[in-house]
Amino acid sequence: MLPSARSSGQISRLRHLAGQFQERFHQTHHHASHWLGQRSLSVPDLRRKSQQALMATSLAGSMMIAQGGSSVDSQLAEQVQALEADSKDNLLGTITKDEHQAIIEKMIGMVTRPAGHLDKQDELYLEQQLTDMLDFPVAAELEGQRLNHSVGIMGGEQHLRRFPSDTLDQHDAYQEAGLAPDRGAYGWFTEQGELTGSAIQREKYYFAVQTLYLSNWNRDHLHLKEWYKWRKMIVINPHDRTAVVGVVGDAGPALWVNKQFGGSPEVIREGAIWSKQARGRVLLLFVDDPQDKIPLGVIKLDYDQLTKLPTGSQK
Amino acid sequence: MIVNHAHSHHPSRAVFYRSIVDWSRVDAMVSRLPLDQRPEVLELVMSCLDHAVMECVFHRLDVDRHHTFLVLCQDRYHDEGLLEWLKQHIDDIESELSSIIDRTKTQIDQVLE
């Protein structure tokens with residue numbers, strides 16, 4: 001093999017490995033990933049920013065930092081003290097554990113109602129509470145678009161083919177769910193023919209929604225199809241205190257199925273949508289994320305996990 | 001613990017965990033590639049190490065302190081004081097990070113073979 005071909009293979013494999021490390025971090029530490037995403041930062045950006053700051057300092061300052069000089073140690077201690085005080089203030093300013101429990105119970109009450117929408121007052125309450133709880137805006141209606149249901153039953157879907165020659169064994173999880181024979185209603189998941197990391201994530205965390213039953217579908221389907229394609233949404237399973245952020249990736253289910261939403265194998269399993277207590281009953285809302293900062297995947301709604309990253313101290 | 005002061009003041013190594021990295025091994029990995037490709041390789045190697053270290057820290061650090069750690073990282077990812085702070089809050093974190101860094105370097109070695 002020519003040296004250049006060999007090195008390009010090595011770099012390509014190294015890029016793949018770096019991508020795996022990155023994906024694993026984002027999958028396992030969703031809250032940290034979300035915190036970084038909100039600031040348009042990645043983990044390596046933290047290092048790069050630090051390097052730039054170091055290079056900007058004087059040689060004397062750099063030496064002191066590099067050697068862990070006492071003035072730097074005291075700066076660190078002061079910052080820790082301020083952050084911990086700030087964190088306590090923020091926790092006091094946000095909802096208490098009892099209030100959080102009350103919101104979860106209210107949502108459990110909501111998902112046991114017949115499929116449809118909440119009344120306006122409950123809907124506003126839910127949107128406000130979830131937006132505070134999750135730290136990003138969620139809404140039953142976005143840019144004038146509203147599905148026929150925000151409360152309903154979510155059924156399990158199969159994997160979708162991401163590109164024409166995709167096969168079940170190329171999907172890395174939940175192969176027992178099978179592979180739908182046709183492509184999804186919004187086409188292939190690939191981007192310009194390439195199976196990118198975000199394309200893989202979109203298929204992993206997709207929802208099927210009943211756009212075909214919207215009253216204006218026949219008239220406005222060209223615009224609606226464009227608007228709903230990969231539209232970010234969140235399913236809330238209050239019984240199991242779990243939510244999953246995903247995208248609209250298919251149309252359905254059919255009316256006769258008596259379910260209002262569909263979820264990918266990852267959504268159904270990781271969101272515990274068909275747990276003994278949930279039995280498919282969920283809330284499905286839009287995520288207002290025009291800059292695509294909210295990562296797809298599972299969010300635990302337990303109080304202890306949600307209150308650790310208060311938004312108030314964002315720099 | 002492996003301390004390699006001769007290599008530790010390079011700007012690309014301005015990371016809070018620098019005292020537990022054997023930088024000569026990183027240099028050896030990077031030097032396998034042609035000169036013009038080394039900057040990208042070094043960046044990819046550092047990205048792997050950053051993610052591996054951060055995954056371990058978030059796994060072990062009490063969730064009450066995640067936010068503090070993130071803000072500290074945002075301001076002083078280069079500061080070895082951050083490792084000292086982690087040592088105060090996580091038992092044996094230095095040796096755990098050391099073995100994770102070693103494992104990561106072995107994985108990198110394998111893909112660069």
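A salt bridge is taken here as a side-chain nitrogen of Lys or Arg within 4 Å of a carboxyl oxygen of Asp or Glu. The model on display is predicted, so local features need pLDDT of at least 70 and side-chain atom pairs count only at pLDDT 80 or more, while totals for chains, interfaces and linings use all residues. Residues are numbered from 1 along each chain as its sequence is written, chains are lettered from A and ligands numbered from 1 in the order in which they are written, and side-chain values use heavy atoms, with hydrogens and water left out.

**Stop 1: a bridge between the chains**

Select B:Glu43 and A:Arg48, whose side chains form a salt bridge with an N to O distance of 2.6 Å. B:Glu43 belongs to helix α2 (residues 38–60) of chain B and A:Arg48 to helix α3 (residues 43–56) of chain A, so the pair joins two chains. Helices (H or I, at least four residues) and strands (E, at least two) are DSSP runs, numbered from the N terminus. B:Glu43 is partly exposed at 26% relative accessibility, and A:Arg48 is partly exposed at 29%. In these terms, buried means under 20% relative accessible area, exposed over 50%, and partly exposed in between (1.4 Å probe, protein chains only).

Add A:Arg47, which also forms a salt bridge with B:Glu43, the closest N and O atoms being 3.1 Å apart. Extend the selection to A:Asp45 and B:Asp50: together with A:Arg47, A:Arg48 and B:Glu43 they are linked in a network of salt bridges.

**Stop 2: the whole interface**

Now display both sides of the contact (heavy atoms within 4.5 Å), to which chain B gives 50 residues and chain A 45 residues. The two chains bury about 4,700 Å² between them, 63% of it on carbon and sulfur atoms; buried area is the accessible area (1.4 Å probe) that two parts lose on being put together, summed over both. On chain B, select B:His51, B:His67 and B:Gln74, which lose the most area to chain A, together 17% of what that side buries.

Across this interface there are 5 salt bridges. Colour α2, α3 (66–76), α4 and α5 of chain B, each of which supplies at least two residues of the side that touches chain A. The largest share of that side, 15 residues, comes from α2(B). By class, the side of chain B comprises 24 nonpolar, 14 polar and 12 charged residues. Ala, Val, Leu, Ile, Met, Phe, Trp, Tyr, Cys and Pro count as nonpolar, Asp, Glu, Lys and Arg as charged, and the others, Gly among them, as polar.

**Stop 3: two bridges within chain A**

Select A:Arg146 and A:Glu123, which meet in a salt bridge at 2.7 Å, N to O. The pair links distant parts of the chain, 23 residues apart: A:Arg146 is in strand β3 (residues 145–146) and A:Glu123 in helix α7 (residues 120–134). A:Arg146 is partly exposed at 23% relative accessible area, whereas A:Glu123 is buried at 3%.

Move next to A:Lys204 and A:Asp172, a salt bridge whose closest N and O atoms are 2.6 Å apart. A:Lys204 lies in helix α8 (residues 197–204) and A:Asp172 in the loop between β4 (151–156) and α8, 32 residues apart. A:Lys204 is buried at 10% relative accessibility, while A:Asp172 is exposed at 59%.
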